[in-house]
Amino acid sequence: MKPRSLLDMTAPCREDFEIPFHEIGDPAKPLSLALVAGIHGNELNGVFILSRLADYLHGVAAQRYPGVKLHHRVLIVPAVNVLGLNLRMRLWPFDKTDINRMFPGFDLGETTQRIAAAVLKATREAFYRIDFHSSNLEIEEMPHLRIYDASEGERARAESFGLTILENPIDAVLTVSLIHAWKQYSGENFVLRGGNAGELQLEHCERLFHALLQFLHSVKILSGGNPPSIEEETHQFGAGQNFRLISDQAGFFVSKLKVGHWVQAGDLLGVLYDGYKGTVREEIRAPKNGLLLGLRRQPLVFQGDLVARLLIRNRS
Ligand SMILES: [Zn+2]
């Protein structure tokens, strides 16, 4: 069966294309949950997680998993930037615009404005809405949940994912993002993030997939079977607790650390080598105790580049 499409588009010199989505569950019921990934076409983890979730939920709806029931209607858009995904590009390939800077969109506007309008129109009626992102090509992030200008409901519900939570205000850039557009409607809104763009990181995907399943059972969209129970210690952080470590000089940054672990002030985060002589220019150490949220994976560093992000207990 041909997948349903959010928006059909034509191109100057190729066949037409569309943004496919899944709608799973009883069509007579109100839309309970909308899940979106791939607004940035090179953020593969979210696209993979949502395509795998769609396969699982179609299986549940077809009663292939004894005892597991889907009680509500769920909408899944695995890849909004379909063309970017095919070309491994973050931005919309034709005009290089960022779809996550186009919300709330305009249904008579340019292509990315029409895409934004179609995504918002399809997802705004859901009570729960989740947008997936990775970090950029340079920094790997641990799997975590973000909430913005959170309501009491969002703050309480966030804990059901079993992930570390980062709560932020909506800044000027985010006012044209999907999360901001969603917040103009009643309901609860979340951003799930993990890994870095350009790669498929199975460990992060599994962690986020289990978090999503735990949420689906917690809000009773799913019931039965053996829902995952994540035993991991989780933490909550707010604005002013996200510490950015910037490099003083250029070089090759190499680190053996994994994201998502606590480091103590003075712990070695990585080594900066001279790219020609191979000598050590600097040992980069944690300036504070903190949870390693993000770490540079693109080794070529210039002066002033971000090397690591730490989530710290005390506000700075
Ligand atoms: Zn993104």
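In this predicted model, all eight of the eight residues of strand β6 are buried, so β6 is largely enclosed by the rest of the structure. The burial can be followed face by face: Tyr128, Ile130, Phe132 and Ser134 are buried on one side of β6, and Arg129, Asp131, His133 and Ser135 are buried on the other.

A look at the strands that pair with β6 helps to place it. β3 runs parallel to β6 and is joined to it by four bridges. Here Val36 is found opposite Asp131 of β6. Strand β9, which spans residues 188-196, also pairs with β6 in the parallel sense, over seven bridges. In this pairing, His133 stands opposite Arg193 of β9.

His133 also leads to the metal site. The zinc ion is coordinated by His133 through ND1, by His40 through ND1 and by Glu43 through two OE contacts, at 2.0 to 2.3 Å. Along the sequence, these donor residues follow the spacing H-x2-E-x89-H. Distant parts of the chain are thereby linked: His40 belongs to the loop between β3 (31-36) and α1 (44-61), while His133 belongs to β6 (residues 128-135), and the two histidines are 93 residues apart. Both His40 and His133 are buried.

The geometry around the metal completes the picture. The four donor atoms subtend angles of 58 to 151° around the zinc ion, which makes the arrangement irregular. For a reader new to the structure, His133 is a handy landmark: this residue lies in strand β6, stands opposite Arg193 in β9 and coordinates the zinc ion through ND1.

Note on methods
Residues numbered from 1 in each chain as written. Predicted model: local features only at pLDDT ≥ 70, side-chain atom pairs only at ≥ 80, totals over all residues. Heavy atoms only, no water. Donors = N, O, S within 2.8 Å, 3.2 Å for Na, K, Ca; no water. Tetrahedral: all angles 85-135°; square planar, octahedral: opposite > 155°, others 65-115°. Buried < 20%, exposed > 50% of the residue type's maximum accessible area, 1.4 Å probe, protein only. Pairing = 2+ DSSP bridges.
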